[in-house]
Amino acid sequence: MIGTTRLLDRCWAFTQVGGGLGTGNGEWLEASAFPTSVHVELLHLSIIPDPFVGLHEWDIQWIGEADWAFKTSFEVIGRELSLPNIDLVFDGLDTFSIVSLNGQKILGTENQFVSYRVPVKEHLHTGSNELVITFPSTFLKGKDLEKKNARYECWNGDASRLHVRKAQYSYGWDWGRRKPRTDLTVRITHSPSGTSGFAEILLKDPAGQVVTSQTNIPVNSGFARAAFHFKKGDIQLWYPVGYGEQALYDVEVKVMNDQGQLLDTKVQRIGFRRVRIVEDQLVDQPGLSWLFEVNNIRIFCGGSNWIPADSFVTTITPQRYRAWLQLLKDGNQNMVRIWGGGIYEDDVFYDICDELGILVWQDFMFGCGQYPAYDTFLANVKLEAEQNVRRLRHHPSIVIFAGNNEDYQIAESLKLDLDYDDEESDFRKTNFPARYIYERVLPAIVKQHSDIHYHRGSPYSGHGKVTTDQTHGDLHQWNVWHGSQEPWHNWDVLAGRFVSEFGMEAYPNIRTVDYWTGGDVSERYPQSRTAVNHNKAAGFERRLELYLMENFKHAFDMESYVYYTQIMQAETLAAAYRMWRRNWAGPGREYTAGALVWQLNDCWPVTSWSIVDYFLRPKPAYFAIARELRPYTVGMTRKDVKRYDDERTLAHFTITSQLEIWGTNGTLEKKGATLQVTSFDLARAEWSERWETDVILAPNASTELWKGPVPGLPTRTRESDVPKTIVVSARLLDVDQDRTVLARPEPFKYIHFPDVKDLAFKIMPGAGGEIIVLSTERPIKGIVLDVEGDEVRWGDQAIDLVPGDPQTVKAIGLNGRSVKARFLGDGTA
């Protein structure tokens, strides 16, 4: 009989062991879904309030400190018991559990990231069989482990999490609520006996045609090997989005016994590609490049960091995964980093990335901590790493495994034992024992089971350099928002070789805010207790206001606060991508090879660094980033240059405003275009100045296009000389996209905007009812569109508009409704 698998997904019930607020003692309640978790079931039965609303998250903390049990019964027939092997397989048991079958303990678990397989034939009987899984409190077990071993330091969450192999974000993070939980998935498999026989392998191309095959491959002790050799051109290569097709092949494997009877079969989808991390000497700058090369093409990686998409991961459907990843691709992004404080994602996540051409940076699940390395912990980690590397290694989208998130940074911060020149020590007896995991255990496992590049951590510089080094490795650039709280205009000097984290907070869509207020209008203001509870970043009030006050004249009603924080985020992040793409300047000048924003998504309704909120509602920053990652872009900076008449004076000087313009080309062919630059005086509608020039954009690089004084802006000789409000618009014509980029005088708070009535700003319906056209007779900055009632899927937001350059915006679901617009200078502040 061929091996079969049966999912045990019916007739589950759950109880709070010993009774309590969840159930009575011995009371079993029917579960509504599978896979599932305690919180999901209690919420379904209205035993607990929605933890995403108001302050209710604090009303349910008791759940994580209680013990829970799930049980089900399943039928077994005599024919099944005649099979040689019957296993129970458990995926995602979170985290400590005791499993009993018909009253006999068959398993104890201690790792959420591990799949457990147990032979159970001897414990089964014909008819009904009862399976019970008891989950003692993971939080309390973690406290016991901490007391037994040692207390270590961490950023975010309770330090006991460091001893527990569980999604670390469930202990609370600076964007997520604390949510200890219990999840489960169970299946039963019937597997054939025997350790010898023969295998057959077929390789099918994307069209389903057999490319090659092998038969009669000996199977000995359950192991078989087949080798295939291809000449150049025999197979199609898999490319990341924007660089070629995502060719995916199917490998079909059949296993037969010595008598030729089919025992088992499996199909796995793969892709062929070569990936290298390139560290080369650079022209005119110190250090080395740090870039991804795929099939001999050097790639600028513009993308996002990913956290688990829900506080309750069992509720994330394949459809939600696809919606998230399609958003990422539609936003012109080509890489996603799976952050080390979450989970190794479900198989479907990586399948979709393979299909869409999204490169995946995969962290191992260690985040912001001084992790231990005692023997039982190491054994747990080794099993976890081996299973997940073997599970994920066939995905062409996965291009790097990284050992941890910010653990080397915490070692530097705490001044732990960390000599980067020491490549020989064991490290387990130091106060940074997890270095043994990152530099010994994980690289050995990755090398043994895959050909994927291993990187010791993120950030990690290598070459004996600290993690904040800007000339080697990858960099988490948090000196905007955290750290020294630099102006976002300084992204150019804050660049690194590959910036794998950076960000700026913003409120989510006003509908998301209204969800968490739960209809309590008295809490609908930025400083309310509810609003503050829905932002977990330490000191966020000071940081938000620091950047708002430095840059914007703003209002404090909730709608305005949503708008101004969103525009601030959009300006901040667009500037980063714009300046760092400029640093991708061609061979030998790949000064910045990637930028991954923190973060794409949220796990609950919250104010955070995400560019799309929990309900998949994009913030304006999502669109601003998408514009900066188009194949062809134009970028500008304008900076004041002050020159003193001589070295002895402070009173005599000149101030000129210098404009620099560059273009980028993300394709592999050079591109001819016309650079059009138009200057407007915001105070004088009748004045403008325009010039054009033909340019050539170098392939896969940025190209410097023009440098000089801002047109129409006189030289100043006194600080009291108030400069004219000259707005410069740059466009690249004759390319697929010609979206305007503006260079305005900043900070925006100093600008005296024209009266709204003098703008002649129009929003006109377009053909088909799901398009609008925006036009103006004066420059407008930061247009954000909305409607009353059900939301619209907008094609663009945070739009800059100038005379003579109307913008067409998709508006799916508009249905003829009137469109509202917010923008800087709209009279609300």
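What follows is a chat between a visitor and a guide about the structure above.

Visitor: What kind of model is this, and which pLDDT do side-chain atom pairs need?

Guide: Residues are numbered from 1 along each chain as its sequence is written, and side-chain values use heavy atoms, with hydrogens and water left out. This is a predicted model in which totals for chains, interfaces and linings use all residues, local features need pLDDT of at least 70, and side-chain atom pairs need pLDDT 80 or more.

Visitor: Which residue does a cis peptide bond join to Phe34?

Guide: Most peptide bonds are trans. Here the bond has an omega of about -5°. The partner lies in the loop between β3 (29–30) and β4 (36–37); strands are DSSP runs of E with at least two residues, helices are runs of H or I with at least four, and both are numbered from the N terminus. That partner is Pro35.

Visitor: Is Cys368 buried or exposed?

Guide: Cys368 sits in the loop between β21 (359–363) and α6 (375–392), and its phi is positive, near 55°. Buried means under 20% relative accessible area, exposed over 50%, and partly exposed in between, with a 1.4 Å probe and protein chains only. Since its relative accessibility is 4%, Cys368 counts as buried.

Visitor: And Cys11, is that one buried or exposed?

Guide: Cys11 has a positive phi too, about 65°, although it is not a glycine. You'll find Cys11 in the loop between β1 (4–7) and β2 (13–16). With 64% relative accessibility, Cys11 counts as exposed.

Visitor: Where around the axis of α4 are its buried residues?

Guide: Helix α4 covers residues 318–330, and its buried residues are Arg320, Tyr321, Trp324, Leu325, Leu327 and Leu328. They cover an arc of only 150° around the axis, taken from the directions from the helix axis to the C-beta atoms. That arc puts them on the same side of α4.

Visitor: Which elements do those buried residues of α4 pack against?

Guide: Look for contacts, which are heavy atoms within 4.5 Å. The buried residues of α4 pack against β19 (301–306), β20 (335–338), α5 (347–356) and α13.

Visitor: Which strands stand at the edges of the open sheet of four strands?

Guide: Strands pair if DSSP finds at least two bridges between them. The sheet has the order β34-β35-β39-β37, with antiparallel pairing. Each edge strand has a single partner, so one side of each is left without a neighbour in the sheet; these strands are β34 (762–765) and β37 (793–794).

Visitor: How are the rings of Trp290 and Phe498 arranged?

Guide: Rings of Phe, Tyr and Trp (its six-membered ring) pair if their centres lie within 6.5 Å; planes under 30 degrees apart are stacked, over 60 edge-to-face, and the rest tilted. By this rule there are 56 aromatic pairs. Trp290 and Phe498 have ring centres 5.5 Å apart and planes at 75°, so their pair is edge-to-face.

Visitor: How many residues apart in sequence are the parts this pair ties together?

Guide: Trp290 is buried, at 2% relative accessible area, and Phe498 is buried too, at 0%. Trp290 lies in the loop between β16 (275–278) and β17 (291–294), and Phe498 in the loop between β24 (475–476) and β25 (499–501), so the pair ties together parts that are apart in sequence by 208 residues.

Methods: Expected span 1.5 Å × (residues − 1).
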